[in-house]
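Here is a short set of exercises to work through with the structure open beside you. Try each task before you read its solution.

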4 protein chains.
Amino acid sequence: MLVPVRVGILTSGGDCPGLNAVIRGAVMKGDRIYGVEFLGIRDGFRGLVDDDIRPLPRHDVRGLSRQGGTILGTSRIGPFAEGAGGSARVREVMERHEMDAIIAVGGEGTLTVARMLNDDGIPIVGVPKTIDNDLSATDYTFGFDTAVSIATESIDRLRTTAESHSRCMVVEVMGRHVGWIALHSGLAGGAHAILIPEQPVSMEQICAWVDAARDRGRAPLVVVAEGFKPEGTEIVRDALDGFGRPRLGGVGEWLGPIIEEQTGIETRVMTLGHLQRGGVPTSYDRVLATRFGLAAIDAVMDAKWGHMVSLRGIDIETVPLHDATRDLKSVPQSRWDEAAVLFG
Amino acid sequence: MLVPVRVGILTSGGDCPGLNAVIRGAVMKGDRIYGVEFLGIRDGFRGLVDDDIRPLPRHDVRGLSRQGGTILGTSRIGPFAEGAGGSARVREVMERHEMDAIIAVGGEGTLTVARMLNDDGIPIVGVPKTIDNDLSATDYTFGFDTAVSIATESIDRLRTTAESHSRCMVVEVMGRHVGWIALHSGLAGGAHAILIPEQPVSMEQICAWVDAARDRGRAPLVVVAEGFKPEGTEIVRDALDGFGRPRLGGVGEWLGPIIEEQTGIETRVMTLGHLQRGGVPTSYDRVLATRFGLAAIDAVMDAKWGHMVSLRGIDIETVPLHDATRDLKSVPQSRWDEAAVLFG
Amino acid sequence: MLVPVRVGILTSGGDCPGLNAVIRGAVMKGDRIYGVEFLGIRDGFRGLVDDDIRPLPRHDVRGLSRQGGTILGTSRIGPFAEGAGGSARVREVMERHEMDAIIAVGGEGTLTVARMLNDDGIPIVGVPKTIDNDLSATDYTFGFDTAVSIATESIDRLRTTAESHSRCMVVEVMGRHVGWIALHSGLAGGAHAILIPEQPVSMEQICAWVDAARDRGRAPLVVVAEGFKPEGTEIVRDALDGFGRPRLGGVGEWLGPIIEEQTGIETRVMTLGHLQRGGVPTSYDRVLATRFGLAAIDAVMDAKWGHMVSLRGIDIETVPLHDATRDLKSVPQSRWDEAAVLFG
Amino acid sequence: MLVPVRVGILTSGGDCPGLNAVIRGAVMKGDRIYGVEFLGIRDGFRGLVDDDIRPLPRHDVRGLSRQGGTILGTSRIGPFAEGAGGSARVREVMERHEMDAIIAVGGEGTLTVARMLNDDGIPIVGVPKTIDNDLSATDYTFGFDTAVSIATESIDRLRTTAESHSRCMVVEVMGRHVGWIALHSGLAGGAHAILIPEQPVSMEQICAWVDAARDRGRAPLVVVAEGFKPEGTEIVRDALDGFGRPRLGGVGEWLGPIIEEQTGIETRVMTLGHLQRGGVPTSYDRVLATRFGLAAIDAVMDAKWGHMVSLRGIDIETVPLHDATRDLKSVPQSRWDEAAVLFG
């Protein structure tokens, strides 16, 4: 096989603190060690399909390790959408730019697309990105630590108000399918209840925890992942739509009034939303993302097509994309039991 | 007049970063310089009416300058409510505890009550507290700087996501009647539009600012105070209730979809809510609150009944409560014009 | 007089959080309201003397309100130094670029040079910059609030270690001639002693405060401005050099061992140094610096030559540079007395 | 064996963010799940030898997850010191309090003492604590992430000043024997050189990196661990004492002037020192420390005497203290090579 000399890089899906550090790591090492030229693909796969591509010299990545967002832009558009042209179009655009390989940074959707492109013979390497930390093939992904940090800091702030007014505070954090952000920020913030998609707790149990905290003189703090669904009671079923999701607003805004009504404790709700995605990455995420970027260009030079980089313990490894995108990493029962000791 | 030897202190209304620093300043100086004993009144005027009062020795205030919230608790209950007993009840409880004077820390409502109690002969001194910074009798109040800091930090975070996705971001901050938090955090965060209650801007103007920012390649950022009402168009009137307030959710959640529809720019909304009230006070607020606390006990010893402490330039002064509670401090036209130069 | 159409801007002296926000404010308003072109002068007066000047279009100032440092660079070189060419050289370079006026952002030295240039007929407007807050002609300058915030945050951090080990902690902050940073960060951080250049306290007094705090079970915290000189005792005089400054290291490193020896309390020293100058400006400093920048270009268009912008209460005004550079703003006795109540 | 009903807990060695979260985790689970009573041993092993022990009810640990330092106090005193009484004295004091087991939280020294006590039959369980992250038996220890975060934040701040003045900045961080804090904060902060004890680099190489960064228009940033020793040249050997350590001040203060002299670049030095130990723990450290606390009381109830808790990947395990205290975890060659790609 020939050694790659021009490598394209793209970031795809929701933005995530650390994307820029990945880009910087790959470009710096590509330039210095391998003499590789980089091409920046705009807005994820959209740029690959639309041929929106420009040179990405080393100069453009300086100072990026500490900058949130992605200088390449991102979108949720994929090459296998109707009329996008699929692998054939991708190959055509790559040839036009003499692009020898692609580094694709993204979440489960992106990595699945990368796997499909690779199945069609496109030389591609993946870098996992998910704020939710829901990929089983890696211990952690960058962005997760920043999200947990921001959620924890927010919980710390909300607590002072709650205690001054003797109120219950419900904080809704990210996590549509898995509860990692809720679990970690709830543990860090000293929550009296943590509600996650993996564990369908009843309203009775939630209110019992709130009551118990109040009875000890605390301002009850409930951290809830956006994907949590309370275990069905009559009342609850009415308030959910056909898919078991709250009818209006998020699950936090739905939970708050019920807790207030059933416990008699004045309750306030805060939905952290986009706040958790943004800003300067934590040092943890900068280090992990930089290492992922460095390892990604190594993987390209080693022709590890169809693989992605991954964290195992303190080491960076590569794993086949086929394995990586198979299972969602849920919060296991043991971690839930560990945390639940502190509830109430 | 006799020199006060037992002074009660209460915090009333919404909680605010810096309340604890006021308490600490007053108690420390009262103990060390004047040999005064302090009584902590629980939950604002509620504790005064319900006789929920306990000694507040100096030991209890240590470390408080950097702690958010209020160790005394707070409520919105007043002594002139139906059945509360008014000045007579307050005098009775004060006599039971041999309390010679009261320091009342609170916003416009609290200070008005303090003025009324003083009119009835209760020896009382006020400390102004308003996150919104809406009291004309003082240049600034503690809590405002912390709220602006948190809002600015949040705007910084939201900006990275907005830029990565080329989105418009609408951030709703506190400010029911005045736009100071929106003005300052918007200026600090580089907003492309700042919307405040004092300036009823049309939807056309808002969308023009958003378009202009987008056309220059920016991710448009709109900071809106919760009390803003857009200048009336047919569409807008429909979405407001009879009081000219948005029908559902806050003004931000109402503005976002209209901006998206009229400009075609994907738009996200973040409501900062209680996040702005909480957490560790900024150094600015700690210094101001500590100085207010020190000056409050001075005012008590000087028998400045019916006065409150106030910041003028870099000096702490006292002003009559009658003057202090007369006018709301709105954002003047000149400050709006100054900021509007940067919009769009 | 003709209306200025090309305006030069320079930043001079030590760097300071908020410089970039001044530049942005002036350039944005100059471009939008007055149609003025800006020229960026590199590294303060050095760029004016060496003719190191380039266009500064509006595009170059975007996003600057939240960025520390100065994109123009800075130096301590002046036009009146030996061989620099003085006003004649400045006039020559200005004419070559058709530069009609200069905005000079800097501290006391820079403003004095600006005044001298203006005395020689150079159309110049000043913007005061001093982290130390030592200019009497303005209530506050930008950078001060950021420095106090960083010092306060550092004090908060050091306190946890001190308390765990029952140690005394000495924290040296900036302030060669005035003690404002020490006073405000010490008040905010709950210091048991604040030592400033304006108040020569004896070692006996310092140790008495440390002892008193320890006796109450606290970890004594001493905040000292770098320019503090203890009131003379035999021991102290030996450790000072001919100018009354400590022989080795800063005053903190000198104080620590003496406190440890005389009180028997294990003592650690932290010198915050450059940490206080850097990083993202606080929202307070961003707002003040932006307003200063907006007012500076107004002053240019009003031909207020030889004036500088200034904060009075909550208003921005202009004052003659002659008045502005006359007096150092020291911490007055009243502010010292106010704070000293909390010592020990 | 009988089930433990009274458990002592102590924190020993240098303080570390997360100690309080360990205490809270152990006490909460001990109280709720196992019905165990806790005894707080003051100031590490000193309290065990001096019989300075008091009940530690659950109420005393509330809110501790986010509080830096240790409420139990700490010291470096050990039971095997001259006259301390060794295992016999420890057994005597334990019997007096009917203490069935001890949880000892500390670094290598503490864990070695714990192992020795266990060898003498004292039922003891360890929790590893080292800011430096130098224990091979666990992937990470709490406190490390907080230290890296503070160092990274400081580097971010120092960079703005360095860039404004075109200076080189030398930042000395903790790490007497291993370079983990320097490696991670240097990577996160985008350092142009990272100097660690494990890799004796020559002054020529250091200056070459500084020159290279400067030649690309950057402000060179050097992060150095306190235990770094430059590879010997004549000049360098003179400046080191007999143990190969710098003669005066830390290694940073020694490196700065040499870099300035040899490269001609103005250079400033910042020693972060105690700042890195203190303050509020990061969410990462709160979660890890809480999990360690929960696992420690599990280990006690499982009679895992002579073991300590440990992080492997994302799981908490227990390992024998004999294994745990054998090897220092140095930065391996592969991690150094990975990072060195980014130098210069």
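**Exercise 1. How many salt bridges does the rule find across the interface of chain D and chain A?**

Solution. Keep in mind that this is a predicted model, in which side-chain atom pairs count only at pLDDT 80 or more. Step one is the cut-off: a side-chain nitrogen of Lys or Arg has to lie within 4 Å of a carboxyl oxygen of Asp or Glu. Step two is the count, and the rule gives four salt bridges between chain D and chain A. Step three is to look at one of them: D:R291 pairs with A:E338, with 3.1 Å between the closest N and O atoms. Polar contacts across this interface come to 20 residue pairs.

**Exercise 2. Describe the side of chain D that touches chain A.**

Solution. Begin with the elements that give two or more residues to this side of chain D: α1 (19–34), α5 (144–165), α6 (180–189), α10 (283–301) and α12 (333–340). Next, sort the residues by class, which yields 17 charged, 14 nonpolar and twelve polar residues. In the contact as a whole, chain D and chain A each contribute 43 residues.

Now turn to area. The two chains, D and A, bury about 3900 Å² between them, and 54% of that is on carbon and sulfur atoms. Which three residues supply more of the area that chain D buries against chain A than any other three? They are D:I314, D:V341 and D:L342, with 15% of that area.

**Exercise 3. Find the relation between chain A and chain B.**

Solution. Two copies of a chain are related by a rotation about an axis and a shift along it. Here, a turn of 180° with a shift of 0.0 Å along the axis lays chain B on chain A at an RMSD of 0.0 Å. That is the relation of a two-fold axis. As a further step, compare the interface residues: 100% of those in chain B are also interface residues in chain A, so the copies meet through the same surface.

**Exercise 4. Characterise the fold of chain A, then one salt bridge inside it.**

Solution. Chain A has twelve helices and eleven strands. Its radius of gyration is 22 Å, close to the 20 Å that the globule rule gives for 344 residues, so chain A is as compact as a globular protein of that length. The C-alpha trace of chain A spans about 70 × 40 × 30 Å along its principal axes.

For the salt bridge, take A:E153 and A:R157, whose closest N and O atoms are 3.7 Å apart. Both sit in helix α5 (residues 144–165) of chain A, and because they are four residues apart there, about one helical turn separates them. Over all chains, the structure holds 88 salt bridges.

Notes
Residues numbered from 1 in each chain as written. Chains lettered and ligands numbered in written order. Heavy atoms only, no water. Contact = heavy atoms within 4.5 Å. Buried area = accessible area lost by both parts, 1.4 Å probe. Polar contact = N/O pair within 3.5 Å; in protein donor to acceptor, adjacent residues only side chain to side chain. Nonpolar A, V, L, I, M, F, W, Y, C, P; charged D, E, K, R; others polar. Least-squares fit on C-alpha atoms with pLDDT ≥ 70 in both. Rg over C-alpha atoms; globule rule 2.2 N^0.38 Å.
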